[in-house]
Amino acid sequence: MSEMNELKEYLISVGASKVGFADVNGLAKEFVDLPNGISLVLKIPKETIQLVKDEEYEQYWKSFHRQIGELTRISHKGERYIKKLGYNAFALTMKRNECDMEKLLSILPYKTIATKSGLGWIGRSALFVTPEYGSAVALGGILTDMPLEFGTPITDSECDECTNCQDACPVDAINPQKWNDRLNREDIIDIATCSEYIIDQYRAGLGCTKCMSECKLTQEYLKNE
């Protein structure tokens with residue numbers, strides 16, 4: 001078995017739900033020596049999504065942050081694993097990725113690595129969507145110079161005509177335009193309106209994420225055994 005396949009099996013064994021590999025060369029000037037990206041997808045437990053539907057936001061945020069902590073753990077394990085193979089690696093954790101909570105931006109978006117890995121696409125809500133779990137996922141990443149065989153990038157939305165997330169948005173921040181990788185984020189979502197609402201809700205001990213819970217594929221994930 002190749003080093004790459006062994007790495008993938010290892011990352012899944014320590015908790016990742018899906019793993020993909022992407023060419024991210026030149027996408028982040030801070031990481032020019034690490035041109036290969038590893039996308040880590042962690043499904044959000046069904047009981048956590050149910051907390052959103054039940055509007056139990058305090059419990060939801062606690063559970064969600066546990067998922068982020070789990071991704072951080074997996075990312076660091078992957079970094080150490082790759083370094084033991086003799087390559088350089090950098091676990092792109094949330095703290096290291098310097099997420100701008102006002103603009104909801106990071107140095108290298110996890111969604112970019114994930115779509116370029118072929119693991120899913122961007123929904124109308126600007127959330128990452130997978131066939132298996134809908135948008136009920138948390139994302140992480142690792143950057144490395146380890147040779148990898150890249151997945152086939154997904155460049156167009158596979159949401160078809162579904163508008164569940166758009167219909168569910170309480171502040172009408174989602175535009176009718178479906179995602180493709182030639183568009184800017186502002187073409188599909190009014191991020192200023194979205195972020196202002198989310199931040200206000202979070203500060204009030206509440207939440208939103210209705211676009212995640214109402215996603216058609218999220219609903220299918222919830223129904224599956």
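**View 1. Two enclosed spaces in a predicted model.** The structure holds two cavities of 30 Å³ or more, and every view in this set comes from a predicted model. The largest cavity has a volume of about 60 Å³, while the second largest cavity holds about 40 Å³ of space. The next two views take them in turn.

**View 2. The lining of the largest cavity.** Around this space of about 60 Å³ you will find Ile68, Leu71, Thr72, Ser75, Leu92, Thr93, Met94, Tyr110, Leu139 and Gly140. Helix 3 provides the largest share of the lining, with four residues. Helix 3 and strand 6 each supply at least two lining residues. Sorted by class, the lining has six nonpolar and four polar residues, and no charged ones.

**View 3. The lining of the second largest cavity.** Here the walls are made by Val24, Asn25, Gly26, Ala28, Phe31, Leu34, Pro35, Leu108 and Leu143. Seven of these lining residues are nonpolar and two are polar, with no charged residue in the set. Keep Leu143 in mind for the next view: besides lining this cavity, Leu143 is among the residues with the most contacts inside the largest nonpolar core.

**View 4. The largest nonpolar core.** This core has 64 residues. Those with the most contacts inside it are Leu7, Leu11, Ile38, Leu40, Phe128, Leu143 and Ile189. Helix 3, spanning residues 57-84, gives the most to the core, with eight residues. As background, nonpolar side chains tend to be buried together in soluble globular proteins. For a closer look, start at Leu7: leaving aside neighbours within four places in sequence, Leu7 is in contact with Phe21, Ile38, Tyr81, Ile82, Met146 and Leu148. One of these partners, Ile38, is also listed with Leu7 among the residues with the most contacts inside the core.

**View 5. The second largest pocket.** This pocket has a volume of about 170 Å³. Of the 16 residues that line the pocket, Val129, Cys159, Cys162, Cys215 and Lys216 are the closest to its centre. Two elements give two or more residues to the lining, namely helix 5 (164-168) and helix 8 (216-223). The lining divides into eight nonpolar, four polar and four charged residues.

**View 6. Asp156 and its surroundings.** Asp156 sits in the loop between strand 6 (137-144) and helix 5. Is this residue buried, partly exposed or exposed? Asp156 counts as partly exposed because its relative accessibility is 35%, a value in the range between the cut-offs of 20% and 50%. Its side chain makes a polar contact with the side chain of Arg182 at 3.0 Å, and another polar contact, of 3.1 Å, joins the side chains of Asp156 and Thr155. Beyond neighbours within four places in sequence, Asp156 is in contact with Trp121, Trp179, Asn180 and Arg182. Gly123 lies 33 residues away from Asp156 along the chain, and their C-alpha atoms are separated by 9.6 Å.

**View 7. Leu51 on helix 2.** Leu51 belongs to helix 2, which covers residues 46-53. Which residues does Leu51 touch, not counting those up to four places away in sequence? They are Glu56, Gln59 and Tyr60. Ser213 makes a useful landmark here: Leu51 and Ser213 are 162 residues apart in sequence and 9.8 Å apart in space, C-alpha to C-alpha.

Key: Residues numbered from 1 in each chain as written. Predicted model: local features only at pLDDT ≥ 70, side-chain atom pairs only at ≥ 80, totals over all residues. Heavy atoms only, no water. 1 Å grid on protein atoms, 1.4 Å probe; cavity = no way out; pocket = protein on both sides within 12 Å on 5 of 7 lines; lining within 4 Å. Points joined across faces, edges and corners; volume = space filled by probe spheres on them. Nonpolar A, V, L, I, M, F, W, Y, C, P; charged D, E, K, R; others polar. Buried < 20%, exposed > 50% of the residue type's maximum accessible area, 1.4 Å probe, protein only. Contact = heavy atoms within 4.5 Å. Polar contact = N/O pair within 3.5 Å; in protein donor to acceptor, adjacent residues only side chain to side chain. Core = buried A, V, L, I, M, F, W, Y, C linked by side-chain atoms within 4.5 Å.
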